[in-house]
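Trainee: May we go through this model together, one question at a time?

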Amino acid sequence: MKDSLNFLNKITFKRAQNSLLILFSYLISKITRKANISGFPVALAIEPTTSCNLRCPECPSGLRSFTRPTGMLEKSLFQSTIDEISDTLMYLTFYFQGEPYLHNDFLEMVNYASRKGIYTATSTNAHYLTKDKALKTVKSGLDRLIISIDGTTQETYEKYRVGGNLEKVLEGTRNIVMAKKESGSKTPHVIFQYLVVKPNEHQIDEVKKLAHNLGVDEVKFKTAQVYDYENGNELIPDSDKYSRYLKNTDGTFSIKNKLVDHCWKMWHSCVITWDGLVVPCCFDKDAEYRMGELSKMNFKEIWQSQSYQNFRNSLIKSRSEIEMCKNCSEGSLVYQ
C-alpha cells in the first residue's frame, strides 16, 4: 500500500493527461486495427550496462551471447533523454540486461530522475550492495529495489544464478533494510523476486519465510522464459502455476499465452539500450527491432516516427510473425 501511494504521489496533471492520451490512442488502434499514437510513454526501461558478474543460463548477459556490444550508458545521454520526457514519464526502470550496480554513475542517474519526480526502480543480483552502496541507494531516492533470489540454499541458488553467492545476496538485503531504518526512509520498496524453475520450485514457501525474517517488503514469483522449450527443458517447473509453457499430449511444450494481434506495451512503454538504441520491448534483448538511435534523433521524434508506426501496424496485422513475440509471456509475474 505504501509503495502504491508513493507512486500515486508522483502523478501530475500533465502525466495524467498524457496517460489518458496513450490509453485512448491504444483503444482506437485496437478498434480501427490501424496504429494511432498520441502522447509519450508512461513507462521507460533504460539500460545502465550489459555487463554482469553472473552467468545465468537463459540470460544473454550471463551467456555472453549478445551480438550487440557490451558497454556503459553515458550519463549525458541519460540526462538529455530524461530532460526531454520527464514531464510526462511516470515510471523509470534502470534495468534491461546486465547488473546496474556495475555502472559507477548508476545512483547519480537515479537521483537525477528522482529529483524530477519520476518513480524509479531497478533490479539487481545484490552482490554489490555493501553498507556504503546501500546507504547511497536510499539517499538516491530510488523507489523500488528488486532483488533476484532464486533459492534459499547455496546449492539451489547457484543452479540458476551460476557464479553467484547466496550469502552476498542476503548480506546485501540486510544492508539495504538497515540503511532504510537508519535513514528513517520508507524507500526503496524492497522486493524479493523469485524466478521459478524446476531446480528451485521446492523452496517457494521457504523464500517467503526468509523474506519475512529479513524485513523484505514483498515477494514476487516470476515464471521463467526458456528459449528452447518445444521438446522440454530442465528448467521448466513441474508446477503448472509457475510455468509459461503447457505440456501437450505428445510430450512437446507450447507457450500458454495466446498471441493476440495487439500489445499494450507498444503504446505505453519502450526500452533504451546503454548505447542509445530505442527498441519496443524488453523481449528484444539483442536490439534487433531498432526504432531509432538517440545519437541521430531525439526521443520524441523516434517515438512518433514512421518506422515505429510501421512496427505497431505490423503487430496489429499479425503479431505471430514477429520473432520476439513468439515466446512472449506478458503477465508472467505471479503475485502472492
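The discussion below takes up a helix pair and then two individual residues.

Mentor: This is a predicted model, in which local features need pLDDT of at least 70, side-chain atom pairs count only at pLDDT 80 or more, and totals for chains, interfaces and linings use all residues. Residues are numbered from 1 along each chain as its sequence is written, and side-chain values use heavy atoms, with hydrogens and water left out.

Trainee: Are helix 4 and helix 5 roughly parallel or roughly antiparallel?

Mentor: Helix 4 covers residues 75-85 and helix 5 residues 106-114, and their axes lie 11 Å apart at an angle of about 15°. Angles under 35 degrees count as roughly parallel, over 145 as roughly antiparallel, 65 to 115 as roughly perpendicular and the rest as oblique. Helix 4 is therefore, relative to helix 5, roughly parallel.

Trainee: Which residues in helix 5 do those of helix 4 meet?

Mentor: Contact means heavy atoms within 4.5 Å. From helix 4, K75, F78, Q79, I82 and D83 take part, and they meet, in helix 5, E108, M109, Y112 and A113.

Trainee: Is V226 buried or exposed?

Mentor: V226 sits in the loop between strand 6 (218-223) and strand 7 (245-247). Buried means under 20% relative accessible area, exposed over 50%, and partly exposed in between (1.4 Å probe, protein chains only). With a relative accessible area of 1%, V226 is buried.

Trainee: What is the relative accessibility of S269?

Mentor: S269 belongs to strand 9 (residues 269-272). Beyond its neighbours within four places in sequence, S269 contacts P41, A43, P280, W303 and Y308. S269 counts as buried, its relative accessibility being 11%.

Methods
Axes are lines fitted to C-alpha atoms, for helices over the stretch in contact, and angles run from 0 to 180 degrees between N-to-C directions. Helices (H or I, at least four residues) and strands (E, at least two) are DSSP runs, numbered from the N terminus.
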